[in-house]
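User: I should like to go through the terms applied to this model and see what each one rests on. Please set each value against its definition.

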Amino acid sequence: TTTLGFIYQGGVVLAVDSRATGGQYIGSQSVRKVVEINDLLLGTLAGGAADCTYWYRVLTSECRLYELRNKKKISLAAATKIMNNIIYSYKNSGLSMGMILAGGDMKQVSLYYLDSDGTRTTGKVFSVGSGSLFAYGVLDSGYRWDLTDEEAHELGRRSIYHATYRDAYSGEKVEMNEKIIIYQPYEAEQILLAENASCLAVKTYLKMLGR
Ligand SMILES: C#CCCCC(=O)N[C@@H](Cc1ccccc1)C(=O)N[C@@H](CC(C)C)B(O)O
């Protein structure tokens, strides 16, 4: 696997490959490694396939339970702390996971790195997985905070592509997150009214404003 995430002036980019391997055997060419926890929290998965998919589902239900109990969205810091505490309770028991979690409130985005050693750290740029060193080669040479949306999208795509070229355990597709659209309240109202948009972020934003 090769996964990456970075934040920049325009928001957040997550990019991944789609291969699953068992030794030299390719178990899947179409794994979805960019995952959605809710409409404002996204993540990427690397490591043991069963570990990642199982604990991602547990985290998703924990976040939903938080919302129901507290009547508000969970923060990225709290969601990553829940995941980190669970992972830490299994330390040295053979878990293999490396996750990048991104999102936050509608004003600014942040990025966390979590792994099965118990590391939980925040930052601007992360790459995780067997192909991460190849991805860093492209990512670090192209990353700037003031990238445009197009440059950021291209940097994510190119970094994963070059990693899949050299890393035998990464391959097939490059998948990326959809841009989380942030509108000012007035625009959001107009878009929902005018086009009956199904954009989750717009609906979330209006809900947060109590509309
Ligand atoms: C084949 C097959 C079934 C999947 C086995 C399986 O977990 N493969 C793992 C590699 C691994 C890891 C730890 C122990 C052994 C094998 C894998 O492909 N992980 C990718 C990400 C997940 C989410 C698909 B990537 O990190 O390479």
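Analyst: The answers below take up a buried residue, a helix and the ligand in turn.

The model is predicted: local features need pLDDT of at least 70, side-chain atom pairs count only at pLDDT 80 or more, and totals for chains, interfaces and linings use all residues. Residues are numbered from 1 along each chain as its sequence is written, and side-chain values use heavy atoms, with hydrogens and water left out.

User: Why is Leu101 called buried?

Analyst: Buried means under 20% relative accessible area, exposed over 50% and partly exposed in between, with a 1.4 Å probe and protein chains only. Leu101 has 2% relative accessibility, and therefore counts as buried.

User: Which residues does Leu101 touch, not counting residues up to four places away in sequence?

Analyst: Contact means heavy atoms within 4.5 Å. By that criterion Leu101 touches Ile37, Leu42, Gly43, Leu59, Leu76, Thr80, Ser110, Leu111, Tyr112 and Leu114. Leu101 itself belongs to strand 7; strands (E, at least two residues) and helices (H or I, at least four) are DSSP runs, numbered from the N terminus.

User: How do you know that the span of helix 1 agrees with its number of residues?

Analyst: The expected span is 1.5 Å times one less than the number of residues. For the 22 residues of helix 1 (residues 49-70) this gives 32 Å, and the end C-alpha atoms are 32 Å apart, so the two agree. After helix 1 comes Lys71, with a positive phi near 50°.

User: Which residues of helix 1 are buried, and what covers them?

Analyst: The buried residues of helix 1 are Cys52, Trp55, Tyr56, Val58, Leu59, Cys63 and Glu67. Their cover includes strand 5 (34-38), strand 6 (41-47), helix 2 (76-89) and strand 7 (97-103).

User: What makes a residue part of the ligand's surroundings, and which are the closest?

Analyst: A residue is near a molecule if one of its heavy atoms lies within 4 Å of it. The ligand is surrounded by 13 residues, the closest being Thr1, Ala20, Thr21, Gly47 and Ala49.

User: What makes the approach of Thr21 to the ligand a polar contact?

Analyst: A polar contact is a pair of N or O atoms within 3.5 Å. A backbone N or O atom of Thr21 is 2.8 Å from a ligand nitrogen atom, so the pair meets that limit. For Gly47, a backbone N or O atom lies 2.7 Å from a nitrogen atom of the ligand.

Note on methods
Polar contact = N/O pair within 3.5 Å; in protein donor to acceptor, adjacent residues only side chain to side chain.
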